[in-house]
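Work through the exercises below with the model open. Try each task before you read its solution.

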Amino acid sequence: MAWRCYRATSRFTGKIHATLRESLISTILFVCLLFPFTTEAGLYTASDQVVVLTPDNVDSVLVNSTAALVVEFYASWCGHCIAFSPVWKSLASDIKEWKPAVDLAAIDCANQDNGPVCSRFGVRGYPTLKFFHAYSKPDSKGESFRGFPRNVRGLRHKIIDKMETHAQPWPPACPPLETTRAELDNFIETNSVGHLALLFETSNSYVGRELTLDLLQYENIAVRRVLSTEDGLVAKLNVTHFPSCYLYYPSGIFTRLHVQLEVRTFYTYALLRLPGVVRAGKPLPVTSDPAKNTTEDQLRPFNRSRVYMSDLESTLHYSLRVELAAHPVIKGEALSTLQRYISVLAKYFPGRPVVNNLLKSVDMWLKGEKDTEMSYSSLRDALDNTAEVPNAALPEGVRWVGCQGSKPHFRRYPCGMWTLFHVLTVQAEEAAGKDPEEVLQAMRSYIHSFFGCRACATHFENMAQESMSHVGTLSSAVLWLWSRHNHVNNRLAGALSEDPHFPKIQWPSPELCPSCHGVKNGEHTWNQEELLTFLRSHFSSEHLLSDYLEEEAQLLSRQKERLVARHQEKEQEAKRGAERRARQTQDTLLKPQPEEEEVAKEQPAEEEAARAGEKVQISEPPPWVKPKADVSHQPQRRPSIVGLKFRPPQEEIVDLDSFINQHYKAKALPAAARVSSRVKLRTLQMKEQPQPGAGLEHGPVLQLGMQPVEPEDLLGQHKTLQKRILTGKYTGSEEEGALEMYPHPNKRRWMSLLSVGFSRLDISLCVLLYFLSSMCLLAMYLFFKNRWRLQRAKVALP
């Protein structure tokens with residue numbers, strides 16, 4: 001590998017001074033060894049309309065192909081190859097319509113994987129061009145282009161010369177390139193074409209053959225070459241100028257094809273506009289019938305030479321309300337891209353006052369945002385003017401006019417996006433903006449981050465990386481975007497996305513701007529000054545048409561209605577949310593709490609015994625007690641304390657005193673329940689003693705300690721015991737039971753106060769941090785103390 005790099009470098013630097021030559025060779029060798037040859041892409045990609053050859057596809061492309069191929073063998077490190085690559089790309093774009101007959105390919109011989117392929121075809125220097133005929137054999141090495149020209153026109157003529165020397169079999173898709181000598185009367189009937197174009201030219205002219213290959217992929221049209229030496233046809237049509245084109249129809253009718261300039265590009269454009277001429281495989285354009293079509297499919301009448309504000313506003317709506325909506329959260333570089341995009345729109349969009357006011361309000365809102373991310377819903381609120389900025393609105397929905405397509409999937413938003421940025425570049429030049437790339441960079445970043453067609457975004461990014469850095473002035477920015485748009489039109493011509501009603505051409509057409517076109521050395525050229533003048537006029541704010549726009553008053557009224565409806569919807573949603581939260585709160589209050597469940601689990605046996613004893617004692621009174629018929633003998637239920645438990649507050653701000661009191665009560669009430677059950681059990685199990693004159697008519701009397709208690713008053717005794725527990729005041733057996741079930745209430749109160757709002761893990765972490773801080777302070781103290789001693793010792797030394 002290094003030896004191959006050395007040989008190539010030596011050949012490249014052969015005429016340089018010896019000392020400089022050795023130094024340059026050493027540098028390049030170091031680069032070759034530092035960055036070895038890999039399988040990375042070379043100077044061309046598939047978007048350049050050049051077939052990129054590899055060891056995997058070289059045989060399938062070159063061997064037994066139905067079309068001829070011209071292959072460039074190059075090295076990606078070769079300076080001459082790098083300089084030649086723009087010419088090869090331009091040639092591929094220029095002869096794109098010739099592909100069924102001849103195609104271009106390239107292979108990077110600097111890639112070590114491609115080395116055996118280049119050696120197989122005998123390539124020793126770079127760049128090398130080889131022509132491979134159709135149906136080439138596996139052992140064919142191709143025909144070399146010796147001394148080939150380094151311009152598109154010369155290479156195009158060289159390829160035609162090679163095609164004419166093609167032996168049998170002839171490429172099946174390629175029409176005959178020889179001159180016409182046969183009778184023309186039967187030609188149309190034999191070939192089933194609607195138009196026959198006769199190109200009269202001299203023997204050294206290539207226009208006829210180029211035009212034949214240009215229209216190779218179109219139906220209902222055929223082109224034949226007639227030399228000026230064909231005296232019979234020349235005299236019959238009275239041809240005096242060469243080249244010139246005539247249309248021949250049955251019955252011997254001839255018509256002169258009038259063009260602005262007698263060159264290939266103008267002939268091609270004029271012939272493609274003939275009725276019935278369509279690309280092969282494409283349906284014939286059918287004019288919409290308003291009587292039979294729906295409103296959605298019907299094309300709106302419009303002027304193709306003007307720009308419509310309706311297209312621009314429709315593009316804004318789709319971009320801001322539809323395409324951006326696919327990104328729920330916008331952050332990082334995407335957020336910066338959005339801010340740059342809105343800023344450019346606010347500065348240069350030549351819209352109506354209501355639209356401009358809205359764009360400026362959104363721009364100010366975005367500039368005021370300090371967060372690193374933003375939700376699309378907040379952006380949508382700003383676009384819908386929920387802040388109610390006066391006289392500001394952006395129309396909703398799309399209404400395509402100049403960008404409408406014959407079908408819903410043709411043109412529309414891509415056309416609107418191109419038009420929008422053409423307008424912005426021209427407006428930026430009129431406003432004398434400071435940064436020539438301001439609009440282009442905004443477009444580039446938006447397409448990279450948000451444009452839905454990711455393949456389109458990749459192609460645009462490749463174009464930007466290739467040549468956007470050459471833009472140095474505002475006028476060059478306008479021309480750069482125009483040239484890239486035409487480049488895309490050329491690449492997509494004939495694709496499935498092309499609308500047959502609006503074929504992709506090199507814009508502006510000769511009809512739209514005759515002065516923009518010119519001829520130099522027989523080749524079509526663009527007059528840059530005239531072109532710039534046309535672009536400035538075509539995309540100026542004064543040239544925009546306001547047809548099909550919604551009235552501003554109606555637009556503002558509709559926006560107000562939407563805002564009112566939104567407010568009402570939000571109020572209803574808030575009301576429904578409040579009701580839902582109220583139901584959830586009620587369900588939570590009625591649901592048994594964990595503390596009650598624990599109390600019930602701790603004393604199942606005691607509860608059962610208490611209920612059993614209570615039932616026996618109450619249902620069977622002593623013989624001297626006369627039971628009453630109207631006294632209910634239902635077992636007493638344990639008082640429920642549901643709702644007495646205080647739940648943790650939902651807000652950040654807490655009343656500390658209230659929290660401590662509630663926390664203490666939540667802990668004390670379960671203990672009170674347990675003490676009450678035990679006291680009640682002990683009382684029920686006591687032996688009952690008859691009390692003379694105690695008033696037997698009052699029913700059964702239970703003994704609770706030394707105080708007689710009625711069964712109906714057990715709940716009151718239970719509440720009294722709870723209060724005593726909460727206050728810490730007990731008497732007799734109550735104190736004993738309370739201390740047993742809930743010891744040291746005061747201590748627990750102070751512990752709750754000290755640990756309020758903290759878990760045990762939080763307290764442990766605090767202690768650990770205090771300990772580490774103390775150790776750190778101790779270490780710092782010892783360090784500075786020793787340092788101070790050392791300094792004193794140094795000062796004391798003589």
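The exercises cover sheets, a helix pair, cysteines and one helix residue.

The model is predicted: local features need pLDDT of at least 70, side-chain atom pairs count only at pLDDT 80 or more, and totals for chains, interfaces and linings use all residues. Residues are numbered from 1 along each chain as its sequence is written, and side-chain values use heavy atoms, with hydrogens and water left out.

**Exercise 1. Lay out the sheet that contains strands 8, 6, 9 and 10.**

Step 1. Fix the terms. Helices (H or I, at least four residues) and strands (E, at least two) are DSSP runs, numbered from the N terminus. Two strands pair if DSSP finds at least two bridges between them.

Step 2. Read the order. The sheet is open, its 4 strands run 8-6-9-10, and the pairing is mixed.

Step 3. Find the edges. Strand 8 (221-227) and strand 10 (253-256) each have a single partner strand, so one side of each lacks a neighbour in the sheet.

Step 4. Add the twist. On average, neighbouring strands are turned by 30° against each other, direction ignored. Axes here are lines fitted to C-alpha atoms, for helices over the stretch in contact; angles run from 0 to 180 degrees between N-to-C directions.

Step 5. Check one pair. Strand 6 (residues 195-201) pairs with strand 8 in the parallel sense, over 7 bridges. Within this pairing, His-195 is opposite Ile-221 of strand 8.

Step 6. Place the helices. Contact means heavy atoms within 4.5 Å. Helix 8 (residues 207-214) packs on the sheet and touches strand 6 and strand 8; its direction makes about 155° with that of strand 6. Helix 10 (residues 264-272) lies across strand 6, strand 8 and strand 9 (244-249), at about 25° to strand 9.

**Exercise 2. Do the same for the open sheet of 5 strands.**

Step 1. The order is 1-3-2-4-5, again with mixed pairing.

Step 2. Strand 1 (51-52) and strand 5 (143-144) are the edge strands, each pairing on one side only.

Step 3. Strand 4 (residues 128-132) joins strand 5 in the antiparallel sense over 2 bridges. Phe-131 stands opposite Glu-143 of strand 5.

**Exercise 3. Describe how helix 12 meets helix 13.**

Step 1. Recall the descriptors. Two packed helices are described by the angle between their axes and the distance between the axes.

Step 2. Apply them. The axes of helix 12 (residues 333-348) and helix 13 (residues 353-368) come within 9 Å and cross at roughly 145°.

Step 3. List contacts. Helix 12 contributes Leu-338, Gln-339, Ile-342, Ser-343, Leu-345 and Ala-346; helix 13 contributes Leu-359, Lys-360, Val-362, Asp-363, Leu-366 and Lys-367.

Step 4. Sort them. The contact residues comprise 7 nonpolar, 2 polar and 3 charged. Ala, Val, Leu, Ile, Met, Phe, Trp, Tyr, Cys and Pro count as nonpolar, Asp, Glu, Lys and Arg as charged, and the others, Gly among them, as polar.

**Exercise 4. How many disulfides does a search of the whole structure find, and what do some of them look like?**

Step 1. Set the cut-offs. A disulfide is a pair of cysteine sulfur atoms within 2.5 Å. Buried means under 20% relative accessible area, exposed over 50%, partly exposed in between (1.4 Å probe, protein chains only).

Step 2. Count. The search gives 4 disulfides.

Step 3. Take Cys-403 and Cys-415, with S to S 2.1 Å. The link is left-handed, with -65° about the S-S bond. Cys-403 sits in the loop between helix 14 (376-383) and helix 15 (413-430), while Cys-415 is in helix 15, 12 residues apart. Cys-403 is buried at 3% relative accessibility, and Cys-415 is buried at 18%.

Step 4. Take Cys-453 and Cys-456, whose sulfur atoms are 2.3 Å apart. This link is right-handed, with 65° about the S-S bond. Cys-453 is partly exposed at 32%, as is Cys-456 at 36%.

Step 5. Take Cys-513 and Cys-516, with S to S 1.9 Å. The torsion is about 75°, so this disulfide is right-handed. Cys-513 is buried at 4% and Cys-516 at 0%.

**Exercise 5. Why does Cys-81 form no bond with Cys-78?**

The closest cysteine sulfur to that of Cys-81 is in Cys-78, 3.1 Å away, which is too far for a bond. Cys-81 is buried, at 0% relative accessibility.

**Exercise 6. Is Ser-314 buried or exposed, and what does Ser-314 touch?**

Step 1. Ser-314 lies in helix 11 (residues 309-323).

Step 2. Its relative accessible area is 3%, so Ser-314 is buried.

Step 3. Not counting residues up to four places away in sequence, Ser-314 touches Gly-397, Val-398, Arg-399 and Trp-400.
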